[in-house]
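Student: Could you walk me through this model, one question at a time?
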Amino acid sequence: GPTGEPFTGTAGSGVDILVDEDVVLNHKSTITTNVFTNVAGLGSGGVRVQSEDLTILDQSYIQSNVLAGNMGGSSGDIEVNAKSVFLQTEFFDVGALETGTSSAQDSGNIHVQATNRLDVLDGSFIWTFTTGAGQAGNIDISAGNGTIASSRESLPNFTAISSQSYVFDSARPATGDAGNIRVTANSLEI
């Protein structure tokens, strides 16, 4: 809209990646459906990946966030359905799979279905968060087997599956709640 007035329109439809082969994000590749500031009544459609395998490497990520100053749109969900999911991003600032909110609007949820294996390694994380009044999304993971681990080389970066409510800016305290995390697996090594 005009300077100082919120942009209005329709919600985004999101990103669907539906392939019979593998999906690889590498070399700082990103897939994002963010809701920016000064936007009224719009939400993002999230990201859905359905593939044989999903691999996210080298500071790459999939993200759906709501930025501070948003006036009505929530971020979309991230949904992954693959035989195997391998995350090794070595990047502290952004989760390999991330939804979050810095506004009064809620963040999306993260759903991961890895029928064979889920590996979250070396500074990678699956993360929902809130730094505002909106609620952080839930994380629901179903995997045949899984590993969550960091090598000594990835320190001080952490490797995690996490949902958080935290203060990013003392002038704007986080009042929203962290989401729930549910992991179902035949075996899980941490």
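Tutor: Gladly, starting with a definition: two strands pair if DSSP finds at least two bridges between them. This is a predicted model, in which local features need pLDDT of at least 70 and side-chain atom pairs count only at pLDDT 80 or more, whereas totals for chains, interfaces and linings use all residues. Residues are numbered from 1 along each chain as its sequence is written, and side-chain values use heavy atoms, with hydrogens and water left out.

Student: How many strands does the protein chain have?
Tutor: Helices (H or I, at least four residues) and strands (E, at least two) are DSSP runs, numbered from the N terminus. By that count the protein chain has zero helices. Its strands number 13.

Student: Over how many bridges do β2 and β5 pair?
Tutor: One partnership in this pairing sets Val24 against Thr55 of β5. The sense is parallel, and the number of bridges is three.

Student: Which residue in β7 is the bridge partner of Thr55?
Tutor: Thr55 is found in strand β5, and β5 is joined to β7 in parallel by five bridges. In β7, the partner of Thr55 is Phe86.

Student: Is Thr55 buried or exposed?
Tutor: Setting aside neighbours within four places in sequence, Thr55 is in contact (heavy atoms within 4.5 Å) with Val23, Val24, Leu25 and Phe86. Buried means under 20% relative accessible area, exposed over 50%, and partly exposed in between, with a 1.4 Å probe and protein chains only. At 19% relative accessibility, Thr55 therefore counts as buried.

Student: In what order do the five strands of the open sheet come?
Tutor: The pairing in this open sheet is parallel. β3 (30-32) and β12 (160-165) stand at the edges with a single partner strand each, so one side of each has no neighbour in the sheet. From one strand to the next, the twist averages 10°, with axes being lines fitted to C-alpha atoms (for helices over the stretch in contact) and angles running from 0 to 180 degrees between N-to-C directions. The order is β3-β6-β8-β10-β12.

Student: Which residue in β10 is the bridge partner of Leu97?
Tutor: Strand β8 (residues 97-101) runs parallel to strand β10 (residues 125-130), and five bridges join them. Across this pairing, Leu97 is matched with Ile126.

Student: How many residues are in the largest nonpolar core?
Tutor: A nonpolar core is a set of buried Ala, Val, Leu, Ile, Met, Phe, Trp, Tyr and Cys residues joined through side-chain atoms within 4.5 Å. In the largest one, Ile56, Ile62, Val85, Leu87, Leu97 and Ile126 have the most contacts inside the core. Elements giving it two or more residues include β5 (53-57), β7 (78-88) and β9 (110-121). The number of residues in this core is 27.

Student: Which residues does Leu87 touch, leaving out those up to four places away in sequence?
Tutor: Leu87 is among the residues with the most contacts inside the largest core. Its own list is Ile56, Ala96, Leu97, Asp119, Val120, Leu121, Ser124 and Ile126.

Student: How many aromatic pairs does a search of the whole structure find?
Tutor: Rings of Phe, Tyr and Trp (its six-membered ring) pair if their centres lie within 6.5 Å; planes under 30 degrees apart count as stacked, over 60 as edge-to-face and the rest as tilted. Ring pairs link Phe125, Trp127, Phe129 and Tyr166 into a cluster. Across the whole structure, the number of aromatic pairs is four.

Student: What is the centre to centre distance in the pair of Phe125 and Trp127?
Tutor: Both Phe125 and Trp127 are buried. Their planes stand at 65°, an edge-to-face pair, and the distance is 5.4 Å.

Student: How many residues apart in sequence are the parts tied together by Trp127 and Tyr166?
Tutor: The ring centres of Trp127 and Tyr166 are 6.3 Å apart and the planes lie at 15°, so this pair is stacked. Trp127 lies in strand β10 and Tyr166 in the loop between β12 and β13 (181-189), so the separation in sequence of the parts they tie together is 39 residues.

Student: How far apart in space are Ser142 and Gln113, C-alpha to C-alpha?
Tutor: Ser142 lies in strand β11 and, at 26% relative accessibility, counts as partly exposed. Beyond neighbours within four places, its contacts are Val112, Gln113, Ala114 and Thr184. Ser142 and Gln113 are 29 residues apart in sequence, and their C-alpha distance is 4.9 Å.
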